Each structure stands twice: as C-alpha cells, then as structure tokens.
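Hi,

Here is the structure we talked about, with the sequence alongside. Have a look first, and then read on for what turned up when I went through it.

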2 protein chains.
Amino acid sequence: MEKEITIYDIAKDLGVSPATVSRALNNHPAVNEKTKKKIYNAAMEMGYQSNVFASNLRSKRTNNIGVIVPRLNSSFQSSVLAGMEKVANEAGFNLIISQSLESKDKEIANTHSMFNSRVDGLLVSLASNTESLEHFAPFIKKKIPVIFYDRVGNFEEMFGVTIDNMKAAHQATSHLIEQGCQRIVHVLGNIKVNVYHERLKGYKYALLDHSIPFDENLIIYSDLNEEAGYDIVQKIKSIEPRIDGLFVSNDACAASCLKQLKLEGYRIPEDIAVVGFNNDVISRLVEPNITTINYPGYEMGELAMRNLINHLDVNTENLLKNTNRITLRSELIIRESSKRK
Amino acid sequence: MEKEITIYDIAKDLGVSPATVSRALNNHPAVNEKTKKKIYNAAMEMGYQSNVFASNLRSKRTNNIGVIVPRLNSSFQSSVLAGMEKVANEAGFNLIISQSLESKDKEIANTHSMFNSRVDGLLVSLASNTESLEHFAPFIKKKIPVIFYDRVGNFEEMFGVTIDNMKAAHQATSHLIEQGCQRIVHVLGNIKVNVYHERLKGYKYALLDHSIPFDENLIIYSDLNEEAGYDIVQKIKSIEPRIDGLFVSNDACAASCLKQLKLEGYRIPEDIAVVGFNNDVISRLVEPNITTINYPGYEMGELAMRNLINHLDVNTENLLKNTNRITLRSELIIRESSKRK
DNA sequence: ATTAATTTTGAAACCGATTTCAATTTTTCT
DNA sequence: AGAAAAATTGAAATCGGTTTCAAAATTAAT
C-alpha cells in the first residue's frame with residue numbers, strides 16, 4: 001500500500017500550516033498569491049490527490065446524482081441518460097445509475113441505496129407498478145431534491161419533466177381520423193403509468209372531438225415489446241367490424257405489428273394506417289416508415305438534470321415553488337405508414 | 001438542517017461506547033448477541049443512517065464502480081450496462097457511469113474524474129480514437145482493477161472481455177460465400193478499434209480460405225449509423241464488377257443499407273445477400289430479417305462486472321494473473337437477408 | 001475457590017480535509 | 001513614526017465511523 005500524499009505532507013514540506021494548504025487548493029481569496037503558487041506547484045510535484053471522503057465528510061456533499069430508470073436497455077431511456085450525463089458531467093457531477101426493472105420493490109430498494117450513498121439529488125422514472133411515493137419521503141425530509149421525468153406517476157405533489165402525452169395522443173389519433181380511419185385500435189401499456197393513462201385519454205378525446213364512438217374492444221393492453229406484434233395482430237384479426245387504424249404507444253412494438261400485419265396480407269396504410277410513438281431509429285428503417293410522435297429523450301434528460309442542479313443551489317429555493325411540472329414539446333411526424341393520398 | 005443521528009447518540013442513549021455501537025452495526029462477531037439486538041433496535045427507532053463519508057474515510061472504499069462507455073444511447077451498450085447494473089446491484093455496489101462520446105480527450109477527463117471520486121474499480125469500453133492506455137496508469141499504480149470490455153484496444157497487457165470478432169466475421173463471410181457470393185463488400189468502422197480491426201481480419205481470412213482474392217475496393221469505412229445507408233449504397237452502385245454480398249459491422253447500419261438497396265431496386269438476398277452484426281432488435285423487424293451475429297451484450301456486462309468484483313477481494317490476487325482475456329461465445333443467426341435456397 | 005482462558009467492552013487515536021477564531025504580518029493613513 | 005485598517009496565516013476543533021490495545025467481565029478448568 002502506497003502512502004498517499006495529504007495536505008499535511010505538503011504543509012510540512014513547505015513549512016506552512018495545513019489550513020493554508022487547504023485554502024490554497026480551494027482557491028480561497030484570503031491567501032497570498034505567491035503562497036498559492038508555491039502550494040499548487042508542490043501539490044503538483046508531489047502528486048497530491050484530494051481525498052474526497054474527508055472533503056465530503058465536512059461538506060456533506062458527494063457530487064453524485066442518482067438516477068433510477070425502469071430499464072437501462074431501452075432506446076428511449078438511454079437517450080435520456082445520454083442527455084443527463086452530458087449536463088451532469090459539465091457541471092462536475094457524477095451519475096449513479098440503477099434500474100428498477102419495472103418492479104416496485106426493486107425501485108424501493110434502489111431508492112434506499114441511493115439515499116444511503118448520499119446522492120445530492122435524485123432523478124426518477126417510475127416503475128410501472130409503483131403505487132405510492134412514500135419511499136421518497138426520506139429525501140423530501142432531508143430536502144434532497146427529487147425530480148421525476150417521463151414516468152411521473154399520477155401524483156400531483158411532485159416535480160416532473162414530461163411531454164404532453166394527452167395532446168400527443170390526441171394528435172396521433174386525429175391524424176388517423178383525418179386519413180379516413182374510423183375504427184382505430186390503440187395499443188398501450190399498464191394504465192397505472194401516467195404516460196399510458198394520459199395517452200388513452202388523448203385517444204378518447206380525439207374520437208369524441210370527431211364524433212366517433214369509443215369502443216372498449218379497440219383497446220389492447222400489451223407489454224409493448226418487439227415481439228408483441230404477433231399476439232396483437234391475432235387480436236386485431238378477430239375484431240368485428242374490421243379495423244382501419246392502429247395507434248401503438250411505442251415504435252418497436254409498432255414495427256413488430258407492422259411486420260405481422262404485412263405477413264397477414266394487410267396493406268399499410270391502405271387497409272390499416274399505423275402510427276407509433278417515440279421516433280425511435282426503428283421507425284425510420286422499417287417499410288413503410290412509421291408515422292410517430294417525436295419524443296425528445298435527450299432533451300428531456302438535459303432538462304431534468306439542469307433542473308435538478310438548479311435545485312442544488314441553496315439560493316434558489318424559490319425555484320422549488322415556481323416550477324412544478326415542465327412540459328416538453330413533442331410533435332407528430334407523418335410518414336408512409338399512415339399517409340393516404 | 002435536521003440533526004443527524006450518529007453512533008454517538010445511540011451510544012449515549014444506551015450507555016455503551018461508540019466503538020461497541022459501530023461493531024454491533026457491522027455485525028462484528030466480538031459483540032454479545034443481546035447487546036447487538038439492543039443496539040439494532042435503538043438504531044432502528046432513532047432512525048439512524050450510517051454516514052458513508054466517515055465510513056469511507058477509514059475503510060478507503062466507496063462501493064462505487066465506474067463505467068466509461070463510448071455512448072450511452074446505443075442499443076448494445078445499454079444491454080451491457082443492464083447486465084452490469086444487475087450484478088453490481090446484487091453485490092451491493094453502485095454504478096457511476098459516464099460516456100466518452102467517442103472522444104479520447106473526454107475519455108481521459110472521465111478517467112480522471114473516476115479516479116478522483118475513488119471508484120473501487122473501473123470498467124471501460126474504449127473510445128474509437130484512444131491510442132494509449134496511459135490515462136489508466138494511476139489506477140494500475142494504486143492497484144485499482146480496470147477491466148476492458150468489447151472495445152479493448154489493441155493492447156496486450158490488459159484484462160478484457162470480448163467476443164472472438166475475427167471468428168465471428170470469418171463465419172459471417174464464409175456464410176455469404178457458401179450462399180454463392182463472390183464479391184462481398186465489408187462495411188466497418190474505425191480500424192483503430194480492435195473490434196473492427198479483427199473483423200476485417202476475419203473477413204480477409206475467410207476469403208483466403210475460399211480462394212477468393214481480396215479486393216481493397218470492397219472495403220467501405222463508415223460511422224455505421226442508421227443514416228449511413230445512403231452513402232454506402234451510392235458507393236456500392238459504382239463498384240465494378242457488381243457486388244453480390246454485403247457484410248455490415250452493425251445491424252442498424254445494415255438495416256439502413258437494406259432499405260436503401262431495396263429503394264434502388266436490388267432484390268435481397270437474390271441480388272445482394274446481407275449480413276449484419278449484433279442481433280439488435282432491428283435485425284428482426286426489417287424485411288427481410290437480417291442474418292446477423294448474436295452479440296451477447298447483457299452477458300458481457302454481467303461477466304465483466306462479476307470479474308471486476310472478484311478482483312476486489314484481496315484474497316484472490318492470483319486471479320489477476322490467471323485471467324487475461326475472456327472470450328464470450330457468439331453465433332451466426334441465419335435469416336432471410338442472406339438465405340438463398 | 002482459585003487460576004487460566006475466553007468474551008465483551010471502552011478509551012483514544014485515526015482517517016484527511018475544512019473552518020472558526022485569534023494572532024501575526026503587511027499596508028494605509030494621519 | 002505611530003496608529004489603525006486590511007490582508008495573511010496558524011492552532012485546534014470538527015465531521016462520524018473504525019480500529020488498536022488494553023481493561024473488565026464472564027466462563028472454563030484445575
């Protein structure tokens with residue numbers, strides 16, 4: 001075990017006090033420029049490395065920010081993380097990332113673990129079966145900021161960064177109606193998740209606005225993965241009267257449906273017009289290209305992180321009250337899968 | 001600011017010494033079971049939370065493991081991270097993740113930052129322009145284990161978890177040859193990256209083994225993103241004599257090429273047989289399905305992390321010498337894009 | 001009952017940087 | 001030059017667990 005260089009070593013070497021060394025290295029104004037230079041150089045030469053533990057112990061800060069995502073291996077989530085990492089890195093924070101794997105219990109465990117490792121702030125996209133936010137209470141009590149993004153839950157009290165899912169779904173559905181669709185199937189995930197809950201609402205309102213009756217049979221619940229297409233299309237085939245529009249809450253799943261529909265001989269968009277969600281790479285690569293909602297994951301990550309970091313400055317306590325929910329702009333991108341001339 | 005409960009508070013409350021409290025909470029054998037119970041309960045009731053800073057300061061461990069990836073928003077990397085997170089979480093470690101964005105300089109900065117935050121170990125997939133491993137020297141000197149995965153560089157000294165890229169490329173190329181291809185284009189990324197370097201070798205050897213001359217014109221360098229298809233196909237069109245096989249080092253890019261080739265009127269696989277790499281979701285969703293190499297990202301993450309954690313136990317120093325490079329099994333998955341009856 | 005062996009416990013040093021408060025040095029002003 | 005003000009510096013306490021070493025308490029052995 002090598003002996004580490006401490007500020008005491010530097011102090012002894014230069015015949016000054018550890019206090020001065022500490023101040024110099026933190027660029028404290030109350031230390032003479034010459035002494036500073038001297039200390040910098042000595043620290044350099046001796047290969048000094050600040051001991052974060054000791055420093056954290058006093059400052060009570062880790063410069064670590066926790067992120068809890070439902071799944072790491074999701075195209076959307078990894079864009080979000082990329083955006084977060086960029087902002088955090090530039091601001092000198094580290095990212096501690098863990099995944100809940102869509103399990104409430106694992107989310108709770110992760111939350112505890114983040115709390116114990118004393119992250120300075122927490123960013124969370126909720127698991128699909130999370131029913132309460134109790135497990136975040138310790139953070140609130142200690143005034144450690146917690147910001148939710150995307151999966152913000154149906155809880156009013158919390159900060160969150162989302163898109164307007166209702167509006168987006170309304171747009172998507174309206175678009176299908178404008179293309180002549182009258183019987184539109186909506187495929188979505190667990191209704192407990194705000195994201196799907198709101199999209200369903202948007203779907204319903206769009207029907208209402210165009211005087212199309214809502215039909216419960218046209219709602220299909222799914223885990224939305226890339227293999228779900230088969231089952232979904234089987235269900236679709238059995239629906240009477242025939243459907244002519246399909247709005248899937250996720251591009252990978254939409255692509256899977258598209259493939260299966262083509263296998264079954266449906267023409268897209270003539271027989272069934274299809275709209276996805278997310279604007280994943282995949283929506284641009286399958287044939288026909290899938291009309292989708294552009295869902296700005298990277299920006300969402302940047303914004304959520306920037307917001308969190310703002311909360312960390314003690315001076316900006318008022319921000320806490322002013323910013324309750326931030327809504328990012330999303331947009332419908334019309335492509336071949338739904339465009340009827 | 002709330003006063004935090006410390007072991008001193010508990011000690012005073014129960015009339016024992018802080019030392020005993022510390023030992024009890026760490027389940028040290030040299031403390032009476034009854035006292036332990038008593039202390040556990042008191043700690044519970046008082047809402048005690050261990051202060052990691054103080055604890056780290058002595059133990060010199062953070063329980064944080066650093067991961068540096070080229071990009072977070074990559075389907076492959078996020079699978080790897082998912083695997084790593086699972087193993088780390090189960091073993092009680094946190095993951096600190098940062099991305100190099102394929103920049104050597106950012107990688108160096110991230111490495112420094114990880115070192116300063118005193119991670120217990122480091123997992124790295126190198127940026128494409130990294131030319132030396134100097135920046136990891138401080139880790140080596142302090143005996144902090146560093147393990148590379150996937151992008152391990154062309155450096156012999158290092159531990160690493162990879163697949164046998166040469167063999168995989170050999171298999172892919174041989175398969176195309178067996179389907180009757182004679183003029184096979186290989187699309188790959190920066191040759192400095194071991195992954196592409198080795199795949200090119202595999203491609204060449206496969207040609208050699210089937211007595212097909214190597215033609216420099218059939219090698220196309222690309223950044224392999226999902227929009228690269230257009231340029232690649234333009235190049236392909238200009239190649240004389242015509243090509244009849246295409247081996248792309250990445251599924252997203254292969255899909256992009258596939259789409260573009262179809263737009264240009266090529267029949268797949270009759271005119272050009274296509275093989276990708278990675279077995280990304282996308283390879284199963286485009287039409288025709290893309291023949292590809294199954295690249296076990298999740299397992300690679302698990303394995304790399306398990307390996308790193310092993311290195312952390314001081315008793316297993318011998319492991320260091322025994323394990324130099326771990327090679328994961330990969331396999332060719334034959335699908336319609338290359339299957340000629 | 002006495003001694004030896006074993007368990008438990010506590011006092012105090014320690015990890016390394018930060019910070020308060022007072023002391024010292026330097027600069028400025030009459 | 002002498003006093004007052006400003007700029008630097010240092011001693012020592014502090015953050016909260018962990019650990020060493022020795023003392024005290026308990027159990028086992030003779």
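Let me begin with a pair of strands in chain B: β6 (residues 184–188) runs parallel to β8(B), and 4 bridges join the two. One of the contacts to look for is B:Val187, whose bridge partner in β8(B) is B:Val248. Please keep in mind throughout that this is a predicted model.

On its way through the sheet, β8(B) also pairs in the parallel sense with strand β9 (residues 273–275) of chain B, over 3 bridges. There, B:Leu246 has B:Val274 in β9(B) as its bridge partner. As a reminder, strands of a sheet pair through backbone hydrogen bonds, either parallel or antiparallel.

Is strand β8 of chain B covered or open on its faces? Both faces are covered: B:Gly245 and B:Phe247 are buried on one side, and B:Leu246 and B:Val248 are buried on the other. That fits the usual pattern, in which side chains of a regular strand alternate between the two faces of the sheet.

Now over to chain A, where the whole sheet is easy to trace. It is an open sheet of 4 strands in the order β7-β6-β8-β9 (chain A), with parallel pairing. The edges are β7 (219–221) and β9 (273–275) of chain A; each has a single partner strand, so one side of each is left without a neighbour in the sheet. From one strand to the next, the twist averages 15°. Strand β8 (residues 245–248) of chain A is joined to β9(A) by 3 bridges, with the two running parallel, and A:Gly245 has A:Ala273 as its bridge partner in β9(A).

Two helices are worth finding next to that sheet. Helix α10 (residues 229–237) of chain A packs on it and touches β6 (184–188), β7 and β8 of chain A, with its direction at about 155° to that of β7(A). Helix α11 (residues 251–263) of chain A lies across β8 and β9 of chain A and runs at about 150° to β8(A).

Next, how the two chains relate. Chain A superposes on chain B (RMSD 0.1 Å) after a rotation of 180° with 0.0 Å of shift along its axis. That is the relation of a two-fold axis. Which residue of chain A comes closest to the rotation axis? It is A:Ile96, with its C-alpha at 2.3 Å. Also, 100% of the interface residues of chain A are interface residues in chain B too, so the copies meet through the same surface.

Since you will probably ask about charged pairs: the search of the whole structure finds 28 salt bridges over all chains. Here are some that cross between chains.

- A:Lys106 and B:Glu85 meet in a salt bridge at 3.7 Å, N to O. The pair runs from helix α6 (residues 104–116) of chain A to helix α5 (residues 75–90) of chain B. A:Lys106 counts as partly exposed at 22% relative accessibility, whereas B:Glu85 is buried at 2%.
- A:Lys142 and B:Glu4 meet at 3.0 Å, N to O, in a salt bridge. A:Lys142 lies in the loop between α7 (137–141) and β4 (146–149) of chain A and B:Glu4 in the segment before α1 (7–14) of chain B, so this pair joins two chains. A:Lys142 is partly exposed, at 33% relative accessible area, and B:Glu4 is partly exposed at 34%.
- B:Glu226 and A:Arg284 form a salt bridge at 3.3 Å, N to O. B:Glu226 sits in the loop between β7 (219–221) and α10 (229–238) of chain B, and A:Arg284 in helix α12 (residues 281–285) of chain A.

There is also a network of salt bridges that links A:Glu4, B:Arg118 and B:Lys142.

One more residue to click on is B:Asn165, in helix α8 (residues 165–178) of chain B. B:Asn165 counts as buried, at 0% relative accessibility. Leaving aside neighbours within four places in sequence, B:Asn165 is in contact with B:Val195, B:Glu198, B:Arg199, B:Phe277 and B:Tyr295.

Finally, confidence. Chain A averages a pLDDT of 90, and 95% of the residues score at least 70. The pLDDT is below 50 over residues 315–322 of chain A, a stretch with 5 contacts in the model beyond near neighbours in sequence. Where pLDDT is low, the predicted coordinates should not be read in detail.

Cheers

Definitions and conventions:
Residues numbered from 1 in each chain as written. Chains lettered and ligands numbered in written order. Predicted model: local features only at pLDDT ≥ 70, side-chain atom pairs only at ≥ 80, totals over all residues. Heavy atoms only, no water. Pairing = 2+ DSSP bridges. Axes fitted to C-alpha atoms, helices over the stretch in contact; angles between N-to-C directions. Contact = heavy atoms within 4.5 Å. Salt bridge = Lys/Arg side-chain N within 4 Å of Asp/Glu carboxyl O. Buried < 20%, exposed > 50% of the residue type's maximum accessible area, 1.4 Å probe, protein only. Least-squares fit on C-alpha atoms with pLDDT ≥ 70 in both. pLDDT = per-residue confidence, 0-100.
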